Amino acid sequence: MTPGYVIAIFLIIGIIFVPVGLICLQASNRVAEIVHRYDIDCVPDAYRSNKQAYIKDSSISKKCIQKVKVQYHMKAPIYVYYELDNFYQNHRRYIKSRSDKQLRHGLQYTDSSCSPIERSNGLPVVPCGLIAWSLFNDTYDFTRGSMGLMVDRKNISWRSDREHKYGKDVYPFNFQNGSLIGGGKLDPDIPLSNQEDLIVWMRAAALPQFRKLYGVIEEDIQADETITMHITNNYNTYSFGGKKSLVLTTSTWLGGKNDFLGYAYLITGSSSIFLCILFALIHVKIPRPHGDAAY
């Protein structure tokens, strides 16, 4: 690896990476995205100082209406996500509290790894474990003027999960029947393979701020239109200082809005060009003597 080869390699890396980074950033900037936090605005004024009392009182309506103005044209499909912040799904005790065998095969598996949500009222729980027990249960509907925007809730989970990880003949049993309710309930007449909200939720996130797919809107939304969000604010994030947001976003060939990949390519490419110039100047000014080729 002579100095000439090293300088050429850094130059080639820079020439390739910088344009790729610019292309990735351009693709990310074409994504139209709306992020609307609602966990505070959807609490009645009388309960702003005691949000836990509000969320735990089932006699208080959890219905909430929020309006957002769309700044850019959003071309279908428009993906609807819910975003949680300060929720550590990667906590070791939490992520271990599940039984993949039970999700696939049903009641014959009562795995001790599901503790502390393994049995309720002396009977096994299906699906067991803390992840299923804490199922997200806020709901969303959208209107544009007097017309509703349909949200397609089908095929929001991975097909491999539906077909291979959740049984088509496994039904919820004794779920959320204890004295302490963690989150959403499941229809006992629908098999787990068709309970896509559960399947999406059970794929645990690696970071404390994450998004999970709620549905897809198959209609374009024009710029300057006002979208009305009808939110049912059920999920208790107030006890641990969490945040909830509703996200509407489009996508490009690169996926959703994410500038990290573009900046990573730009920084790596720019650093390579800088090192190329630096090594070239050093090589010209203070050339390294070549060794004897015989050795």
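**Exercise 1.** In this predicted model, which residues does glutamine 66 touch, not counting residues up to four places away in sequence?

*Solution.* Glutamine 66 touches His36, Asp41, Cys42, Ile227, Thr228, Met229 and Ile231. One of these, histidine 36, also makes a polar contact, side chain to side chain, with glutamine 66 at 2.8 Å.

**Exercise 2.** Locate glutamine 66 in the secondary structure and decide whether the residue is buried or exposed.

*Solution.* Glutamine 66 lies in strand E2, residues 63-69. The relative accessibility of glutamine 66 is 11%. The cut-off for buried is under 20%, so glutamine 66 counts as buried.

**Exercise 3.** Check the span of helix H1 (residues 3-29) against the expected value.

*Solution.* Helix H1 has 27 residues. The expected span is 1.5 Å times one less than the number of residues, which gives 39 Å for H1. The end C-alpha atoms of H1 are 39 Å apart, in agreement.

**Exercise 4.** Which residues of H1 are buried, and which helix is included in what covers them?

*Solution.* The buried residues in H1 are Pro3, Ile7, Gly14, Val18, Gly21, Cys24, Leu25, Ala27 and Ser28. Their cover includes helix H8 (260-285).

**Exercise 5.** Describe the surroundings of strand E11 (residues 243-249).

*Solution.* Begin with burial: six of the seven residues of E11 are buried, so the strand is largely enclosed by the rest of the structure. Next, take the pairing. E1 (residues 33-37) runs antiparallel to E11 over five bridges, with valine 35 opposite valine 247. E3 (residues 78-85) is also antiparallel to E11, over seven bridges, and here glutamate 83 stands opposite serine 245.

Terms used: Residues are numbered from 1 along each chain as its sequence is written. This is a predicted model: local features need pLDDT of at least 70, side-chain atom pairs count only at pLDDT 80 or more; totals for chains, interfaces and linings use all residues. Side-chain values use heavy atoms; hydrogens and water are left out. Helices (H or I, at least four residues) and strands (E, at least two) are DSSP runs, numbered from the N terminus. Buried means under 20% relative accessible area, exposed over 50%, partly exposed in between (1.4 Å probe, protein chains only). A polar contact is a pair of N or O atoms within 3.5 Å; within protein, one must be able to donate a hydrogen and the other to accept it, and residues adjacent in sequence count only if both atoms are side-chain atoms. Contact means heavy atoms within 4.5 Å. Two strands pair if DSSP finds at least two bridges between them.
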